[in-house]
Amino acid sequence: MRIYEVKNYEELSRKAADMIAAQIILKPDCVLGLATGSTPVGAYRELIKKYENGELDFSQVSSVNLDEYKGLSGENDQSYRYFMNHNLFDHVNIDKTRTHVPNGLEPDADKACADYNTLIGSMGGIDLQLLGIGGNGHIGFNEPCEEFICDTHCVSLAQSTIEANARFFDSIDEVPKFAYTMGIRNIMSAKKVLLLASGKNKAQAVYDSCFRPVTPHVPASVLQLHPDTVIIADSDALSLAKEKGVF
Ligand code: PGA
């Protein structure tokens, strides 16, 4: 993995947008794997600027998102479909029929996950997968556990994740307890992975993922085995690695 240190969130967002833009310019009909959460919002904002300046054309781009809450419709403002529309898709010339998020309204988890795996396969693989990282090292909703789960699956969210996400809901009781998420093989099959980490609350996860042994207890650590992973992290997110003298 290559790790780029940046000063702050603004620089992280600009650099991430530059890399995503480069992917779109190199391959206009690329498949982007996209992520939600607060971290990529700045990068999406920068991509919108590039589109508005006439530097980027999304008309042939397709996308697959990492995950979606089970039970939320795309109209629910806490769903990840809503997030993607609101933070990116509504503001660029992407064809929304080519943008994909797991179907949160499919109650049959096996069907929802099998359908999404088939879809990812039918798109010919992901060219660039964008990732955030949870404070516990999760990627997508692949939470720390005893073994890596390969394909799209239904997860019971970790209590720490429910608590971290409660800030977006009126009360913690409204945070869905289950989600559909791409699995580790789906993510690892991407040709290129771009992981973004910002803030002190990610310092432990960045240290464990990049500088400690690969383990399903820190799902992002598996990226050490990916041939083309780039991490953009700000100084705060790298602070523990620096303190330990490994970066
Ligand atoms: P965040 O979430 O970007 O809101 O910190 C990242 C994640 O949980 O993957």
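Start with the elements that line the largest pocket: select β4 (67-69), α3 (80-87) and α5 (159-165), each of which supplies at least two residues of that lining. Keep in mind that this is a predicted model. Of the elements, colour α5 separately, since with 4 residues α5 gives the most to the lining of the largest pocket.

Next, show the pocket itself. The largest pocket has a volume of about 680 Å³. Its lining is made up of 33 residues. To find the middle, select Thr36, Gly37, Ser38, Asn165 and Arg167, the lining residues that lie nearest the centre of the pocket. Colouring the lining by residue class gives 17 polar, 12 nonpolar and 4 charged residues.

Now turn on the ligand. Where does the ligand sit? The place is the largest pocket, the one already on screen. Select the residues around the ligand: Gly37, Ser38 and Thr39, then Gly132, Ile133 and Gly134, and finally His138, Arg167 and Lys202. By class, this shell divides into 6 polar residues, 2 charged and 1 nonpolar.

Three side chains in the shell are worth a distance label.

- Thr39: an N or O atom of the side chain is 2.4 Å from an oxygen atom of the ligand.
- Ser38: here the distance from a side-chain N or O atom to an oxygen atom of the ligand is 2.8 Å.
- Arg167: a side-chain N or O atom lies 3.2 Å from an oxygen atom of the ligand.

With these labels in place, switch the protein to a surface. On its own the ligand has 280 Å² of accessible area, and the protein covers 80% of that.

Leave the ligand and look for enclosed space. Rolling a probe the size of a water molecule over the atoms shows where empty space is left. How many cavities of 30 Å³ or more does the structure hold? There is 1, and the largest cavity has a volume of about 30 Å³.

To see the walls of the largest cavity, select Met1, Ile133, Leu195, Val206, Ser209, Cys210, Ala220, Leu223 and Ile231. Which helix gives the most to this lining? Select helix α7 (residues 203-211), which contributes 3 residues. Coloured by class, the lining of the cavity shows 8 nonpolar residues, 1 polar and no charged.

Finish on Ile133. Ile133 is one of the residues around the ligand, and Ile133 also belongs to the lining of the largest cavity. Centre the view on Ile133 to go from one site to the other.

Definitions and conventions:
Residues are numbered from 1 along each chain as its sequence is written. This is a predicted model: local features need pLDDT of at least 70, side-chain atom pairs count only at pLDDT 80 or more; totals for chains, interfaces and linings use all residues. Side-chain values use heavy atoms; hydrogens and water are left out. On a 1 Å grid over the protein atoms alone, a cavity is a set of points where a 1.4 Å probe fits but cannot get out, and a pocket is an open set with protein on both sides within 12 Å along at least five of seven lines; lining residues have an atom within 4 Å of a point. Grid points are joined across faces, edges and corners, and a volume is the space filled by probe spheres set on the points. Ala, Val, Leu, Ile, Met, Phe, Trp, Tyr, Cys and Pro count as nonpolar, Asp, Glu, Lys and Arg as charged, and the others, Gly among them, as polar. A residue is near a molecule or strand if one of its heavy atoms lies within 4 Å of it. A polar contact is a pair of N or O atoms within 3.5 Å; within protein, one must be able to donate a hydrogen and the other to accept it, and residues adjacent in sequence count only if both atoms are side-chain atoms. Accessible areas come from the Shrake-Rupley method with a 1.4 Å probe; for residues, only the protein chains shown count as cover. A molecule sits in a cavity or pocket if more than half of its atoms lie within 2 Å of its grid points.
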